Amino acid sequence: MNDSGASRLALLRFLERVQERDLARTRRWIVDEERHEAERRVGEERRPPPPEWLIERGLDRNNIVAVHTGECWDPGKRVKPATRAQAVEALRHQVPACTKCRPDTALGIEA
């Protein structure tokens with residue numbers, strides 16, 4: 001009696017079950033990744049726009065150290081969002097403009 005056909009069929013059925021489990025797991029990973037991607041997009045859409053101007057304060061919080069544009073790559077750690085009027089006012093009161101982002105140039109104020 002030759003059992004090679006039955007054992008080969010059993011092995012193929014086993015392989016099929018393994019591959020079905022692998023495919024199911026891959027599909028779960030895809031669903032999870034799609035959910036994460038959707039959450040990331042929603043988070044980006046809800047993120048408020050960056051401020052146009054920043055005021056950097058000193059350690060005592062009353063001393064203004066510099067004025068920056070909202071896109072400055074080196075604003076320091078103690079910055080607060082500011083309006084255009086606040087940035088102009090600070091620059092007119094001799095607060096230094098950031099030398100990297102040049103808010104005085106962006107505001108049209110000569111140093």
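Leu-9 counts as partly exposed, because its relative accessibility is 46%. Keep in mind that this is a predicted model. Leu-9 sits in helix α1, which covers residues 4-46. For a sense of scale along that helix, take Leu-9 and Glu-39: they are 30 residues apart in the chain, and their C-alpha atoms are separated by 45 Å.

Now the chain as a whole. It has 3 helices and 3 strands, and from the N terminus the order is α-β-β-β-α-α. The radius of gyration is 31 Å, well over the 13 Å that the globule rule gives for 111 residues, so the chain is more spread out than a compact globule. The C-alpha trace spans about 100 × 25 × 25 Å along its principal axes.

Burial and surface next. Of the 111 residues, 23% count as buried. The chain exposes about 9200 Å², and 53% of that comes from carbon and sulfur atoms. On contacts: if we take those between residues at least 6 apart in sequence, 45% join residues at least 24 apart.

Where is the largest nonpolar core? It is made up of 12 residues: Trp-53, Ile-55, Val-67, Ala-82, Ala-87, Val-88, Ala-90, Leu-91, Val-95, Ala-97, Leu-107 and Ile-109. Two elements, β1 (53-57) and α2 (84-92), give two or more residues to this core. The most comes from α2, with 4 residues.

One member of that core, Val-95, can be followed through its contacts. Setting aside neighbours within four places in sequence, Val-95 touches Ile-64, Val-65, Ala-66, Val-67 and Ala-90. Of these partners, Val-67 and Ala-90 are also in the core list.

Last, the cysteines. How many disulfides does a search of the whole structure find? The count is 0. Why is Cys-72 not bonded to Cys-101? Cys-101 holds the closest cysteine sulfur to that of Cys-72, but the distance is 3.6 Å, which is too far for a bond; the cut-off applied here is 2.5 Å. The case of Cys-98 runs along similar lines. Its closest cysteine sulfur is also in Cys-101, at 3.7 Å, again too far for a bond.

Are Cys-72 and Cys-98 buried or exposed? Cys-72 counts as buried because its relative accessibility is 10%, and Cys-98 counts as buried because its value is 6%; the limit for buried is under 20%.

Terms used: Residues are numbered from 1 along each chain as its sequence is written. This is a predicted model: local features need pLDDT of at least 70, side-chain atom pairs count only at pLDDT 80 or more; totals for chains, interfaces and linings use all residues. Side-chain values use heavy atoms; hydrogens and water are left out. Buried means under 20% relative accessible area, exposed over 50%, partly exposed in between (1.4 Å probe, protein chains only). A nonpolar core is a set of buried Ala, Val, Leu, Ile, Met, Phe, Trp, Tyr and Cys residues joined through side-chain atoms within 4.5 Å. Contact means heavy atoms within 4.5 Å. The radius of gyration is taken over C-alpha atoms; the globule rule is 2.2 Å times the number of residues to the power 0.38. Accessible areas come from the Shrake-Rupley method with a 1.4 Å probe; for residues, only the protein chains shown count as cover.
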